[in-house]
Amino acid sequence: MSSATLPDDPQLRERFSELKPALTAQAAVIEADRCLNCFDAPCTAACPTHIDVPGFIKRIASGNLRGSAMRILDANILGSSCARVCPVDVLCEGACVLHRQNRKPIQIALLQRHAMDAFHGSGEFLQTQPAASVSLRVACVGGGPASLACAAELRRQGAHATIIERRSLPGGLNTYGVAEYKLRAADSLREVEMIRRMGVEFRFDESIESVAALEALESEFDYIFLGLGLGAMQRLGIPGEDEAGVMNALELIAAYKTGHIREMHGTVVVVGAGNTAIDAANAARRLGAETVYLLYRRGENDMSAFDFEYEHAKQEGVQFLWRRQPLAIRSDGHGRLLLDTVQVQQVDQTLLPIPGSEFAIDCDVVVPAIGQSPLAQLIQELRGVDVREGRIVADRATGKTGNPRYYAGGDCVNGGREVVDAVAGGKRAALAILKTAEVARA
Amino acid sequence: MPDIRIRNFAGRINSPNPFWLASAPPTNTGEMIMRAFDAGWGGAVWKTIGEPITNVSSRYSATDWNGQRIMGFNNIELISDRSIEINLREMTEVKKRYPQHAVIASLMVASNRETWHDIVGRAEDAGADGLELNFGCPHGMSERGMGSAVGQVPEYAQMITEWVKEKARTPVLVKLTPNISDIRTVARAAKRGGADGLSAINTINSITGIDLDTLTPRPNVDGKSSHGGYCGPAVKPIALNMVQQIMADPEAALPLSGIGGIASWRDAAEFILLGCGTVQVCTAAMHYGYRIVEDMAEGLDNWMRSKGFASIEDFRGLSLPRVTEWKHLNLNYKIVARIDEQKCIGCDLCHIACWDGAHQCIHLDRVTGPVDGHVELHPTPAAKEAESRASIAETPVSRKEREAAAHGPYPTPLARIPRVDETECVGCNLCSLVCPVDQCITMVRVDTGMPPETWDERTRGSACAVQPQS
């Protein structure tokens, strides 16, 4: 495979300029010097991949940038993208002890990015054990963070790992699904390239959608890791959902990140109030939509988006319509849409429409963003791999499923968390596979 | 209102306050010294006057620490590069305009009697209030038989002091070098030679660092460097010790102008508490400018007010009797560390410091249950850390999960608040020194039930009995 890349688009870069600028070299050292270097640091404990945060920060302070990046990569092979996309307010930076001294927490994400940018900028790649020094072949199905982390860990320890991805670019949601002002698709691909250079094999445009395809995998590989992510986005289940002008949040984000949508105009209504809904609403604003509504059937205290995401959306100029439910989508016959809505009130646990509060929103695009649906049918047909409430049942510490040759991690197991959770799951599975294989050989 | 004027220091030197600029770049010219006096400095020791020298570039280097610039400062600059005539002409001008301020001529000339007599006469004729003999400069000049080459040999120091005293009408201060195994030997020599006062310390021989790209030590002079003189905040503890040594020695003690890392009124108060009559400042003024003296004067005044001291003499030397030899310290005085749970932020630096740098008596067992006793009973820091790295953490994505992650009754989770095993604590202070929170770890006295006893007292009776046979 040649390196997968996307053409550079200056307009996209300008409209989705990074939310937080990188630290300068001196600012990084000053910030690194603020770190207390806690023992058994709470930031490290809070990180799902347990990056040695004070360890990498003090290496920045001493000018050992390469060592800093290595320290990060030891724990988290996607340290570069995690530095950009992690909700650090509820993870490492949220755990920083300086909060309790009424001081600003250490800017861990920016420091991590500083070290990783220096590493990528140096053009260096990670050294690994010689290929197949461990005779173990593992297929990682799905090309997102969980599989990347699993494959990278396997390769690091000398096993053979192949990533099988149904799309034409690797990285999963890191490439297709993260807001461009947080993580550019190009940066996601740069990180994947580092993993490819470690000797991980990639197969693109290959869907595993039949039992026969799975059986072929079983005969080629010793173990199969499932890093499938979640299924397609859920539908609203209202009339008119297939009208032109309706596209779900992940479709919208993937389309602008890959250059298929470069502009939006008029009024956009995003339905839902999670982090992805906010990414889609902000994207619509940045692509040029004059008015963007975020419509949610509950109130702002119920939204699942992180507080900082909500604040960010307000600053981008997104308007919020609380306690309003979509009823139907109609074409107005002139190329625009009408979204019929009604105000609702919560009585006990149910939402009741308020009579007379119906109104139709004139809009150009409706973006459903109410979560991803459970996994594809296929999984349920796998022998011995339990699926419950749409999630693969796997041991948390090892990723082991009911079938001893199948391991799983990431969104398809945890129901949809963050990149860093997927990395942790993928890595834990890799270590468990290596250990099981070693025991089997002995 | 406290009076911080200095009168009759070393005999006849007066100044509006004890803050003098040391002989150094900030006192290079008359113009600079007059600006310094305008800013509030009480006196200035003129940049050392002698036969003009040629300097190199660069001349300074520094040690930064943890993001702070100039923790220590190093120079390879020599004495004044301006002619004796110009320096003395300007000195006359300064004294004419600032008769109330102290102007001290720092002198360094070749080691013969006539040359010293000549320069002493000229400096006094120019109006100097006193003379400071530079026996301390550790670089360059010492290679030519001057500066610390004199200050390291008590006989030379005494001889030159005697020559100067033969001629001088104003007080003579001898500036001492710390680059000697016992600073008292030269202080005593100066006193024997008739000196009216001392200045201490001069700079300490140093190489501040090496450029790891070019492999050249700093400061870089065309690919080479030379040892310099170290000063700034880093040297203050060394200076305080030497000041104490001098002032506690009857054969050495003279009116002393304290020097070494003084940057604030607190530093100044400490030097005065150990017996100094005035203090001299250089590095801090080079870093921030003359304006730093404002807070030095105000701060000292306010502290004296709060302590009820009416004059500098009221507290000068008060801490001297509190420095003693180790053998006179009370062996039965015991303190232990106490951690304030309400203030602890859970960095656990005290735990790791105690385990790896002290006596393994601070533990993280408030949740698992306190265990007092020997080190083997406790999990090691490495085991603790391994345990938490092996745990599974997840991003709290829902509101419910985020609320569940919030803490209990203390601001810091109990599991992270360390506990002191007081039966094992030796009261070393280390934990309270590493703790980043003010007053979180305090050292509390515990009654040992035993009367005070020093090592000296404990061994006095048996000293003869255990005397080895020779």
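These notebook entries record what I looked up in a predicted model of a complex with chains A and B.

**Entry 1. Conventions and confidence**

I number residues from 1 along each chain as its sequence is written, and chains are lettered from A, with ligands numbered from 1, in the order in which they are written. Because the model is predicted, local features need pLDDT of at least 70 and side-chain atom pairs count only at pLDDT 80 or more, while totals for chains, interfaces and linings use all residues.

I looked up pLDDT, the predictor's confidence in each residue from 0 to 100, for chain B. Its mean is 94, and 97% of the residues of chain B reach 70 or more. For the complex, the predictor gives an ipTM of 0.88 and a pTM of 0.91.

**Entry 2. Where chain B touches chain A**

I took two residues to be in contact if their C-beta atoms, placed from the backbone, lie within 7 Å. By that rule, 28 residues of chain B are in contact with 27 residues of chain A. I name helices (H or I, at least four residues) and strands (E, at least two) as DSSP runs numbered from the N terminus. On the side of chain B that touches chain A, the elements giving two or more residues are α12 (349–357), α13 (381–390) and α14 (399–404) of chain B. Helix α13(B) supplies the largest share, 5 residues.

I then sorted this side of chain B by class: 12 residues are nonpolar, 8 polar and 8 charged. Here Ala, Val, Leu, Ile, Met, Phe, Trp, Tyr, Cys and Pro count as nonpolar, Asp, Glu, Lys and Arg as charged, and the others, Gly among them, as polar.

**Entry 3. A helix pair in chain B**

I examined helix α2 (residues 84–97) and helix α3 (residues 113–126) of chain B, which pack at an angle of about 30° with their axes 8 Å apart. The axes are lines fitted to C-alpha atoms, for helices over the stretch in contact, and angles run from 0 to 180 degrees between N-to-C directions. Angles under 35 degrees count as roughly parallel, over 145 as roughly antiparallel, 65 to 115 as roughly perpendicular and the rest as oblique. α2(B) and α3(B) are therefore roughly parallel to each other. The contact uses B:Ile84, B:Leu88, B:Met91 and B:Thr92 from α2(B), and B:Arg122, B:Ala123 and B:Ala126 from α3(B). I note its classes as 5 nonpolar, 1 polar and 1 charged residues.

**Entry 4. Backbone exceptions in chain B**

Most residues other than glycine have a negative phi, and most peptide bonds are trans. I therefore noted the following cases in view of that general pattern.

- A cis peptide bond joins B:Ser57 and B:Ser58, with omega about 0°; B:Ser58 lies in the loop between β4 (43–45) and β5 (60–65) of chain B.
- The bond from B:Ala200 to B:Ile201 is also cis, with omega near 10°; B:Ile201 sits in the loop between β10 (197–200) and β11 (204–206) of chain B.
- B:Asn8, not a glycine, has a positive phi of about 55° and lies in strand β1 (residues 6–9) of chain B.
- B:Asp348, not a glycine, has a positive phi of about 60° and is found in the loop between β15 (334–339) and α12 of chain B.

Are B:Asn8 and B:Asp348 buried or exposed? A residue is buried if 20 or more other C-beta atoms lie within 10 Å of its own, exposed if 12 or fewer, and partly exposed in between, with C-beta atoms placed from the backbone. B:Asn8 counts as exposed, with 11 C-beta neighbours inside 10 Å, whereas B:Asp348 is buried, with 24 other C-beta atoms within 10 Å.
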